[in-house]
Amino acid sequence: MQIIGITGGIGSGKSTVARIFGLLGIPVYSADDAAKEIMVKDQLLIGQIKDHFGAEAYLPDGSLNRKFISNIVFNDKSQLEKLNSIVHPATIRDSEAWAQRQRSPYVIKEAALLFETESFHHVDKVIGVYAPESLRILRVMKRDGVSRNDVLARMHKQIDDRIKMKLSDHVIYNDEQQMVIPQVLALHKLFQLT
């Protein structure tokens, strides 16, 4: 079974593309959603986070103290890198175990930070979802109710989209000029044959 990664910059529409594959009956693993879940369920990961950030990283009810962690990692790049170095291997392990349980010609792994981490080594092909930066900024401002500067700050934490698209095996254009569904259907057909 092939594992197909989907990535793209913030606001590119990678989640929308992943949902279309899901509607076609293809199992979809969202690395971002899974990371949030395993950060409160995976005891090894919880222990590593507490060892590095302290017991205050978790609230008394066992949930992640997101405000505490955010204040640390978004003000110190080395702390963000440390958090990622702890969480990403756990997410990769979880996604590989998930993929083994699926019965499909291929599966989709959606991950915003596919190339920024070691995750791209654990997929067979990568689909990059592309949208112009100006459109991505507008989408995120509308979706998250944040300022243009907030969106730009998030964008600067990711690899430039042009580089992501060059590293990808396939590119889906979600630029409101080309229809996305026919592009997904063409790749779906291709992946079923290989």
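**Chatting about rings and strands**

Modeller: Let's start with two aromatic residues: Tyr-106 is buried, and Phe-191 is buried too. Keep in mind that this is a predicted model.

Biologist: OK, so how are the rings of Tyr-106 and Phe-191 arranged?

Modeller: Their centres are 5.2 Å apart and their planes sit at 65°, so the pair counts as edge-to-face. Tyr-106 is in strand 3 and Phe-191 in helix 9, so the pair ties together parts that are 85 residues apart in sequence.

Biologist: Which residues make up the cluster?

Modeller: Phe-21, Tyr-106 and Phe-191, linked by ring pairs. Phe-21 is buried, as is Tyr-106.

Biologist: Where does helix 9 lie?

Modeller: Helix 9, residues 180–193, lies across strand 1, strand 3, strand 4 and strand 5. Its angle to strand 5 is about 155°.

Biologist: New topic, the sheet. In what order do the strands come?

Modeller: The order is 2-3-1-4-5, in an open sheet of 5 strands with parallel pairing. Strand 2 and strand 5 stand at the edges with a single partner strand each, so one side of each has no neighbour in the sheet. From one strand to the next, the twist averages 25°.

Biologist: How many bridges join strand 4 to strand 5?

Modeller: There are 4 bridges. Gly-128 stands opposite Val-171 in strand 5.

Biologist: Last one: is Thr-91 buried or exposed?

Modeller: Buried, because its relative accessibility is 5% and the cut-off for buried is under 20%. Thr-91 lies in helix 5. Beyond its neighbours within four places in sequence, Thr-91 is in contact with Tyr-29, Ala-31, Ala-35 and Ile-38.

Note on methods
Residues are numbered from 1 along each chain as its sequence is written. This is a predicted model: local features need pLDDT of at least 70, side-chain atom pairs count only at pLDDT 80 or more; totals for chains, interfaces and linings use all residues. Side-chain values use heavy atoms; hydrogens and water are left out. Helices (H or I, at least four residues) and strands (E, at least two) are DSSP runs, numbered from the N terminus. Buried means under 20% relative accessible area, exposed over 50%, partly exposed in between (1.4 Å probe, protein chains only). Contact means heavy atoms within 4.5 Å. Two strands pair if DSSP finds at least two bridges between them. Axes are lines fitted to C-alpha atoms, for helices over the stretch in contact, and angles run from 0 to 180 degrees between N-to-C directions. Rings of Phe, Tyr and Trp (its six-membered ring) pair if their centres lie within 6.5 Å; planes under 30 degrees apart count as stacked, over 60 as edge-to-face and the rest as tilted.
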